[in-house]
Amino acid sequence: MQCMEVWGGSQLTTRGVAFGGLDAWVYSKPHGNAQHGGDVYYASSCATGRIARLLLADVAGHGASVASTAADLRTLMRRFVNRLDQNEFVRLLNQQFTTLSKDGAFATAVVATFFEPSRRMTVCNAGHPRPLIYRAKKQRWDFLGHGSADPAPKARAGPSNLPLGLLEISSYDQFDIELETGDRVLSYTDALMESNDPTGEMLGEQGVLQILRLLGDIEPEKLIANLVKEIAERYPDNLTDDDVTVLLVQVSERKPSYTIVEKLAAFLRFSGTLLRSLNPRAERAPFPDLNMANLGGAVIPALARRWRAKPGDPAR
């Protein structure tokens with residue numbers, strides 16, 4: 001991806017994108033012959049190529065209403081494209097869906113921010129199926145946040161892990177994991193876990209995990225196709241009654257690197273947004289957050305490598 005770019009939507013796609021230190025693949029198929037489905041996926045890269053943000057949401061509804069919601073989410077992704085801390089982004093996501101909930105709109109979602117210098121990923125789950133992680137050294141899939149090597153969110157009082165838009169005061173825990181080259185994280189929407197095994201029993205999260213383990217160490221660019229094919233073949237109606245989206249990322253050795261032309265294009269995009277933001281009705285400029293890892297780390301790399309989000313820090 002180019003720096004200062006947001007890619008995604010709610011339409012049919014099978015595509016791979018590359019960030020600094022991260023490769024991603026997305027498969028999304030709206031239900032039936034709809035042009036836009038209820039699954040919304042976005043990926044963004046910051047102006048320096050060090051911050052990658054990923055969003056996978058399952059929005060209640062289909063068609064034009066979801067397409068409009070997807071456009072609003074793209075605007076929000078652009079606003080926070082240069083932010084390392086995702087707390088406010090998640091809070092405003094919930095605020096947006098709380099407003100839309102008057103019309104019956106809500107969403108489950110996974111939001112993840114990957115910072116290449118420290119190879120850390122911050123994950124927030126809002127009522128969505130649990131992501132899965134593949135540790136290259138162990139060559140084994142497991143639930144993200146539910147293994148000995150991967151921290152689970154800290155328990156606390158009050159509402160947690162609720163879908164977006166259900167409660168205006170809802171806050172969301174996030175947790176921080178360190179990734180190594182070859183590690184993978186897979187997120188998906190509920191059509192996979194609501195599929196059936198050959199006996200007609202629902203797969204559930206455990207069933208999806210078991211299929212991934214049976215598939216073994218497949219090349220990442222082939223993994224999603226094999227997973228979808230395996231689930232579809234287990235029962236006649238599998239993956240036919242809902243939108244289907246799978247998002248896979250794998251850590252790479254690639255460092256952020258952009259040509260002069262690409263950097264100039266990013267500067268022009270930022271400048272254009274800054275000028276337009278002078279209009280009170282326009283979207284806000286994508287300013288970076290004021291912390292040493294983001295601002296100082298752009299000049300002194302050692303400062304960026306010290307970044308670590310606080311486990312269990314709620315999006316207030």
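Biologist: Does Arg119 count as buried or exposed?
Modeller: In this predicted model, local features need pLDDT of at least 70 and side-chain atom pairs count only at pLDDT 80 or more, whereas totals for chains, interfaces and linings use all residues. Residues are numbered from 1 along each chain as its sequence is written, and side-chain values use heavy atoms, with hydrogens and water left out. The classes rest on relative accessible area, computed with a 1.4 Å probe on protein chains only, where buried means under 20%, exposed over 50% and partly exposed in between. Because its relative accessibility is 17%, Arg119 counts as buried.

Biologist: In which loop does Arg119 lie?
Modeller: Helices (H or I, at least four residues) and strands (E, at least two) are DSSP runs, numbered from the N terminus. Arg119 has a positive phi near 55° in a hairpin with four residues between its strands. The flanking elements are strand S6 (107-115) and strand S7 (120-126), which places Arg119 in the loop between S6 and S7.

Biologist: With the side chain of which residue does the side chain of Arg119 make a polar contact of 2.6 Å?
Modeller: A polar contact is a pair of N or O atoms within 3.5 Å; within protein, one must be able to donate a hydrogen and the other to accept it, and residues adjacent in sequence count only if both atoms are side-chain atoms. One such contact, of 3.1 Å, joins the side chains of Arg119 and Glu253. The contact of 2.6 Å joins the side chain of Arg119 to that of Thr181.

Biologist: How many residues apart are Glu253 and Arg119?
Modeller: The two side chains meet in a salt bridge of 3.1 Å, N to O, a salt bridge being a side-chain nitrogen of Lys or Arg within 4 Å of a carboxyl oxygen of Asp or Glu. This pair links distant parts of the chain, since Glu253 is in the loop between S12 and helix H5 (260-276), whereas Arg119 is in the loop between S6 and S7, and their separation is 134 residues.

Biologist: How many residues of S6 are buried?
Modeller: Both faces of S6 are covered, with Ala107, Ala109, Val111, Thr113 and Phe115 on one side and Thr108, Val110, Ala112 and Phe114 on the other. Of the nine residues in S6, the number that are buried is nine.

Biologist: Which residue in S7 is the bridge partner of Ala112?
Modeller: Two strands pair if DSSP finds at least two bridges between them. S6 pairs with strand S5 (residues 51-59) in the antiparallel sense over nine bridges, and six bridges join S6 to S7, which also run antiparallel. Within S7, Ala112 has as its bridge partner Val123.

Biologist: Which are the edge strands of the open sheet of six strands?
Modeller: The strands of this sheet follow the order S2-S3-S12-S11-S8-S9, with antiparallel pairing. Each edge strand pairs on one side only, and the two in question are S2 (13-19) and S9 (140-143).

Biologist: The backbone oxygen of which residue lies 2.8 Å from a polar atom of the side chain of His128?
Modeller: His128 is in the loop between S7 and S8, and its relative accessible area of 5% is why His128 counts as buried. Its C-alpha atom is separated by 8.0 Å from that of Asp58, although the two residues are 70 apart along the chain. The backbone oxygen at 2.8 Å from a polar atom of the His128 side chain belongs to Tyr188.
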